[in-house]
Amino acid sequence: MAENAASDAALLEFKTYEEFLDSQVSPLDLYYLEDEELARRLVELGFRGTGEVIKREEFEARKQEAEQARTAQRARDDITLVSEEYGELSPFLHAVAEREEPNRIGKMMTILFIRDKNSKGQEISGYIDLAERFEVTYEQLYRADDFHLYFSGKKRLLPSPSDLSYYNWVTHSATSSNSANYAILSNEYPGLLFKNTKDRKVVNVDPEVESPGDNSTRTVLRTNEYLQVVFYDHVTRLTA
């Protein structure tokens with residue numbers, strides 16, 4: 001696996017598939033063939049060449065994966081995880097901490113469903129774009145959402161009217177908002193669906209469906225901290 005990753009990283013040296021093919025053509029082949037396009041074609045078919053035979057589609061796919069891996073590694077090298085500053089975490093906070101790094105580097109975009117009571121004792125529920133909440137914490141965008149307070153236990157993580165979806169079961173107040181990572185499709189399709197704005201995949205949060213969608217998993221967390229907690233983890237396939 002390490003060898004494959006290394007060979008894929010080497011593909012980043014080539015801007016185009018044609019450049020990759022040219023690198024496989026020996027000067028002797030070009031001398032006898034006297035045709036650059038023919039030499040490239042023979043390399044693509046495996047009749048000539050000094051390295052691995054790769055079709056155009058495979059080249060593009062592997063190069064894209066290598067670019068994603070490089071971007072993720074650079075992001076990983078630059079971040080400091082807040083959760084690492086806190087040792088003893090509750091089951092819920094531990095589950096959130098496990099998702100901090102992949103959500104912050106863009107490898108995963110988690111939708112977190114929480115149902116519990118607010119400070120007034122009113123039952124509320126909502127879907128939270130966890131990756132956006134983390135981003136808000138570190139870039140201080142339209143609201144201050146400090147995960148130091150959550151991981152230290154000084155503040156509870158709860159849905160708010162500015163999240164993807166929010167409902168107050170006492171006042172019957174309901175709101176929904178698109179986030180930086182998800183667009184709501186509830187008005188176009190039956191049920192509540194979230195379309196990822198990066199890879200265009202749809203996450204179905206209906207608990208009755210077998211799967212929440214492509215590259216997505218549903219995890220129900222049993223905990224005394226909240227009335228209900230469900231993680232919808234979507235692994236992104238970002239384009240370059």
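This report walks through a predicted model of a single chain, starting with the overall make-up and then moving to one strand, the cores, the charged pairs and one arginine.

**The chain as a whole**

Let's start with the broad picture. The secondary structure adds up to 9 helices and 9 strands. Of the 240 residues in the chain, 39% are buried. If you take the contacts with a separation of 6 or more, 52% of them link residues 24 or more positions apart. The accessible surface is about 13900 Å², and carbon and sulfur atoms account for 50% of that.

**Strand β1 and its two partners**

A handy place to begin looking is strand β1, which covers residues 108-117. Most of β1 is covered, with 8 of its 10 residues buried. β1 pairs with strand β9 (residues 228-235), running antiparallel and joined by 8 bridges. To find this pairing on screen, look for Met-109, whose bridge partner in β9 is His-234.

β1 also pairs with strand β2 (residues 123-129), again in the antiparallel sense, over 7 bridges. Here the landmark is Asp-116, which has Ile-124 as its bridge partner in β2. β1 and β2 form a hairpin with 5 residues between the strands, and in this hairpin Gly-121 takes a positive phi near 85°.

**The nonpolar cores**

β1 turns up again in the largest nonpolar core, which has 21 residues. The residues with the most contacts inside this core are Phe-92, Leu-112, Ile-114, Phe-147 and Leu-157. The elements that supply two or more residues are α6 (91-98), β1, β2, α8 (130-139), α9 (147-151) and β9. The top contributor is α6, with 5 residues.

Leu-112 is worth a click. Setting aside residues up to four places away in sequence, Leu-112 touches Phe-92, Gly-126, Tyr-127, Ile-128, Leu-130, Leu-157, Val-229, Val-230 and Phe-231. Apart from the largest core there is another, made of 13 residues, including Tyr-127, Ala-131, Leu-164 and Val-230.

**Charged pairs**

Now for the charges. Side chains of opposite charge can pair when their charged atoms come close. The structure holds 7 salt bridges, and three of them are listed here.

| Salt bridge | Closest N to O distance |
|---|---|
| Glu-100 and Arg-104 | 3.3 Å |
| Glu-123 and Arg-115 | 3.0 Å |
| Asp-116 and Arg-156 | 2.6 Å |

The Glu-100 and Arg-104 pair sits within helix α7 (residues 100-104), with the two residues 4 apart, or about one turn of the helix. Glu-100 counts as buried because its relative accessibility is 0%, under the 20% cut-off. Arg-104 has a relative accessible area of 22%, so this residue is partly exposed.

In the pair of Glu-123 and Arg-115, how covered is each side? Glu-123 is partly exposed, with a relative accessible area of 23%. Arg-115 is partly exposed as well, at 23% relative accessibility.

What does the salt bridge between Asp-116 and Arg-156 tie together? Asp-116 lies in strand β1 while Arg-156 lies in the loop between α9 and β3 (165-168), so the pair links parts that are 40 residues apart in sequence. Asp-116 counts as buried because its relative accessibility is 10%. Arg-156, at 38%, counts as partly exposed.

**A closer look at Arg-218**

One last stop is Arg-218, in strand β8 (residues 216-221). With 27% relative accessibility, Arg-218 counts as partly exposed. Arg-218 and Tyr-232 are 14 residues apart in sequence, and their C-alpha atoms are 4.6 Å apart in space.

Which residues does Arg-218 contact, leaving aside neighbours within four places in sequence? They are Asp-206, Pro-207, Val-209, Glu-210, Pro-212, Val-230, Phe-231 and Tyr-232. Two of these can be followed down to the atoms. The side chain of Arg-218 reaches the backbone oxygen of Val-209 at 2.9 Å. A polar atom of the Arg-218 side chain also lies 3.5 Å from the backbone oxygen of Asp-206.

Key
Residues numbered from 1 in each chain as written. Predicted model: local features only at pLDDT ≥ 70, side-chain atom pairs only at ≥ 80, totals over all residues. Heavy atoms only, no water. Buried < 20%, exposed > 50% of the residue type's maximum accessible area, 1.4 Å probe, protein only. Pairing = 2+ DSSP bridges. Core = buried A, V, L, I, M, F, W, Y, C linked by side-chain atoms within 4.5 Å. Contact = heavy atoms within 4.5 Å. Salt bridge = Lys/Arg side-chain N within 4 Å of Asp/Glu carboxyl O. Polar contact = N/O pair within 3.5 Å; in protein donor to acceptor, adjacent residues only side chain to side chain. Areas by Shrake-Rupley, 256 points an atom, 1.4 Å probe, with all protein chains shown as cover.
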